[in-house]
Amino acid sequence: MVQFRFLGILMAVAIRTKKPLDLHLAPWVWKQLCSIPLNSQDFEDIHKKLVGGLPPMIPLDTFVTHSANGKLVPVVPGGDQIPLTFANRKEYVERAVSYRLHEMDQQVNAIAVREGMSSIIPVPLLSLLTARQLEQLVCGMPEVSVETLKKVVRYRDISDSHQMISWLWKTLEEFTNEERVLFLRFVSGRSRLPANTADITQKFQIIKVDRVRRQGLKME
C-alpha cells in the first residue's frame, strides 16, 4: 500500500509540474480514479487483460472466482462453502462480477486519497474530469509527432530554413513513433510531452557547431 500511495504522489507531481509520466494503466483504472462507476463492459476488459479472455464455461462448484493474481477467492463470506447450482447461478454471476469490479478499490483509494494524490492536489476535482482527460494530464500524449517537435525546438546560430534542418525533419518523419520517443528522450530526457504544448516551458535546442573551432578547443 505504501507503493500505491507513492504512485499517487508521482501522478500528482506530474500534474502539478506538467512533466508527464510514461505509465500504461488500463482504462478502468483511470475511471476509478475519477470516481466513475464501472460497468459490465469494464469487467470484460478487466478479465481479458488479467486472464487473457472470458472462459467458455465456469469450472467451479462453489461461490469462488479467480482474483487478479490467479488465486481462487470467495465472492461472498464463506463462499467456498456455498454450492454453485443452476438455481443460484444468477446470484453467483452478480457476486463474481461485483467482486472483480471492486477488487482493487483499496489500491485505487491509496493512490488517490490516503496520502497519495490528495497530499498534493485537491482530489475531489478529479470527479470533474473524464478518464481520458485525467490520463492525459498524468501521462501526456503517447504519440510524438514531428509537428509537435517543431513547436518545442529552439534554433541557435542556424535558421529553420537551413538544408540540414530540412534533412532532420525529413528523417524524423520517416521514424516510427517509438524511434521519435527515443529521439525525444535523447534531446530532453523525457519520454512524453504534455497534451497541451503550451505547457512545455523547456525546449530543446538545435545548435550550429563550428567544427574547426571545436577541434581547436579540443587541442588546447
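**Figure 1. Helices and strands across the whole protein.** This predicted model has 10 helices and 4 strands. If you walk along the sequence, the elements come in the pattern α-α-α-β-β-α-α-α-α-β-α-α-β-α. The protein has 220 residues, and 33% of them are buried. Its accessible surface comes to about 14300 Å², with carbon and sulfur atoms accounting for 56% of that. Take the contacts between residues at least 6 apart in sequence: 64% of these join residues at least 24 apart.

**Figure 2. The largest nonpolar core.** Here we zoom in on the largest nonpolar core, a set of 23 residues. Which residues have the most contacts inside this core? They are M11, W30, L33, M117, L134 and V138. Several helices chip in: α1 (2-17), α2 (27-33), α5 (105-112) and α6 (131-139) each supply at least two residues of the core.

**Figure 3. M117 and its contacts.** M117 belongs to the group with the most contacts inside the largest core, and this view picks out the residues it touches. Setting aside neighbours within four places in sequence, M117 is in contact with G8, I9, M11, A12 and I15, and also with I111, A112, V123 and L126. One of these partners, M11, is also listed among the core residues with the most contacts.

**Figure 4. A second core, and two residues of helix α9 seen from V144.** Separate from the largest core is a second one of 16 residues, and V144, I158, I165 and I200 are among them. Staying with V144, we can look across to helix α9, which covers residues 177-188 and holds L182. E179 has its place in helix α9 too. How far apart in space are E179 and V144? Their C-alpha atoms are 9.4 Å apart, although 35 residues separate E179 and V144 in sequence. For L182 and V144, the C-alpha distance is 9.9 Å and the sequence separation is 38 residues. As for how open these helix residues are, L182 has 52% relative accessibility and so counts as exposed. E179 has a relative accessible area of 36%, so it is partly exposed.

**Figure 5. The aromatic pair F63 and Y92.** The structure holds 2 aromatic pairs, and this view shows one of them. The ring centres of F63 and Y92 are 5.3 Å apart; their planes meet at 75°, so this is an edge-to-face pair. The two partners come from distant parts of the chain, 29 residues apart. F63 sits in the loop between α3 (40-51) and β1 (64-66), while Y92 is in helix α4 (residues 89-102). Are these residues buried or exposed? F63 is buried, with a relative accessible area of 1%, and Y92 counts as buried at 3% relative accessibility.

**Figure 6. The aromatic pair F183 and F204.** In this pair, the ring centres of F183 and F204 lie 5.9 Å apart and the planes are at 85°, so the arrangement is edge-to-face. Once again, distant parts of the chain are linked: F183 belongs to helix α9 and F204 to strand β4 (residues 204-207), with their positions 21 residues apart in sequence. Both F183 and F204 are buried.

**Figure 7. A charge over a ring at R89 and F86.** What sits over the ring of F86? Look for the charged end of R89, which is 3.8 Å from the centre of that ring.

**Figure 8. Two buried cysteines.** C34 is buried, with 1% relative accessibility. C139 is buried as well, at 1% relative accessibility. How many disulfides turn up in a search of the whole structure? The search finds 0.

**Figure 9. S35 and D157, two loop residues with positive phi.** S35 is a residue other than glycine, yet its phi is positive, near 60°. You can find S35 in the loop between α2 and α3. With 60% relative accessibility, S35 counts as exposed. D157 also has a positive phi near 60° without being a glycine. Where does D157 lie? It is in the loop between β3 (153-156) and α8 (163-174). D157 counts as exposed, at 59% relative accessibility.

Technical notes. Residues are numbered from 1 along each chain as its sequence is written. This is a predicted model: local features need pLDDT of at least 70, side-chain atom pairs count only at pLDDT 80 or more; totals for chains, interfaces and linings use all residues. Side-chain values use heavy atoms; hydrogens and water are left out. Buried means under 20% relative accessible area, exposed over 50%, partly exposed in between (1.4 Å probe, protein chains only). Contact means heavy atoms within 4.5 Å. Accessible areas come from the Shrake-Rupley method with a 1.4 Å probe; for residues, only the protein chains shown count as cover. Rings of Phe, Tyr and Trp (its six-membered ring) pair if their centres lie within 6.5 Å; planes under 30 degrees apart count as stacked, over 60 as edge-to-face and the rest as tilted. A charge sits over a ring if NZ of Lys or CZ of Arg is within 6 Å of the ring centre and within 35 degrees of the ring normal. A nonpolar core is a set of buried Ala, Val, Leu, Ile, Met, Phe, Trp, Tyr and Cys residues joined through side-chain atoms within 4.5 Å. A disulfide is a pair of cysteine sulfur atoms within 2.5 Å.
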